[in-house]
Amino acid sequence: MPTYDYRCQSCQHQFTTMHSIAADPLKDCPSCGQAQLKRLIGGGGGVLFKGGGFYQTDYPSASYSAGAKTDAGSCAPGGCGAPQCPSSN
Ligand SMILES: [Zn+2]
């Protein structure tokens, strides 16, 4: 099972836990009980997450996936030159 780092945005409690990758992310803080947990993405650099408000977007990878989907056409990196090609702007 993979391990995940969580941090509570309410009381700043931080901990590591493990659960199935298919399970829903934790929400409730085991320390203060607030549903303010954020899963820390990337791992290894927990000290980067200082101060509230930095982590306002839940999952940056979601927008990344959307962008990747836009590029999923048949054109080469840098664009194919077609007017509708999103890469040739
Ligand atoms: Zn808390």
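Which residue in strand 3 is the bridge partner of cysteine 8? That partner is leucine 37, and the pair belongs to a small story about one sheet in a predicted model. The protein has three strands plus one helix, laid out along the sequence as β-β-β-α. Here's a quick tour, starting with the sheet and ending with how far to trust the model.

**The sheet as a whole**
- The three strands make an open sheet in the order 2-1-3, with antiparallel pairing.
- Strand 2 (14-18) and strand 3 (37-40) sit at the edges, and each of them pairs on one side only.
- On average, neighbouring strands here are turned by 35 degrees against each other, ignoring direction.
- As background, strands of a sheet pair through backbone hydrogen bonds, in either a parallel or an antiparallel way.

**Strand 1 with strand 3**
- Strand 1 covers residues 3-8 and is joined to strand 3 by four bridges, the two running antiparallel.
- Back to the opening pair: cysteine 8 has leucine 37 as its bridge partner in strand 3.
- Tyrosine 6 also looks across to this strand, standing opposite arginine 39.

**Strand 1 with strand 2**
- Five bridges hold this antiparallel pair together.
- Arginine 7 is matched with glutamine 14 as its bridge partner in strand 2.
- Aspartate 5 has its own bridge partner in strand 2, namely threonine 16.
- For the side chains, the general rule is that they alternate between the two faces of the sheet in a regular strand.

**The hairpin loop and glutamine 12**
- The hairpin of strand 1 and strand 2 has five residues between the strands.
- Glutamine 12 is in that loop between strand 1 and strand 2.
- Its backbone is worth a look: phi of glutamine 12 is near 70 degrees, a positive value in a residue that isn't glycine.
- For context, most residues other than glycine have a negative phi.
- Is glutamine 12 buried or exposed? Glutamine 12 counts as partly exposed because it has 15 C-beta neighbours inside 10 Å, and the partly exposed class lies between 12 or fewer for exposed and 20 or more for buried.

**Leucine 40 and the edge**
- Leucine 40 lies in strand 3, one of the two edge strands.
- Leucine 40 has 18 C-beta neighbours inside 10 Å, so it counts as partly exposed.
- How far apart are the C-alpha atoms of leucine 40 and glutamine 14? They are separated by 9.6 Å, although the two residues are 26 apart along the chain.

**Burial and contacts overall**
- Of the 89 residues in the protein, 4% count as buried.
- Among contacts with a separation of 6 or more, 27% come from residues 24 or more positions apart.

**How far to trust it**
- The mean pLDDT of the protein is 73, and 54% of the residues reach 70 or more.
- Watch residues 43-48, where the pLDDT is below 50.
- Beyond near neighbours in sequence, that stretch has four contacts in the model.

Methods. Residues numbered from 1 in each chain as written. Predicted model: local features only at pLDDT ≥ 70, side-chain atom pairs only at ≥ 80, totals over all residues. Pairing = 2+ DSSP bridges. Axes fitted to C-alpha atoms, helices over the stretch in contact; angles between N-to-C directions. Contact = placed C-beta atoms within 7 Å. pLDDT = per-residue confidence, 0-100.
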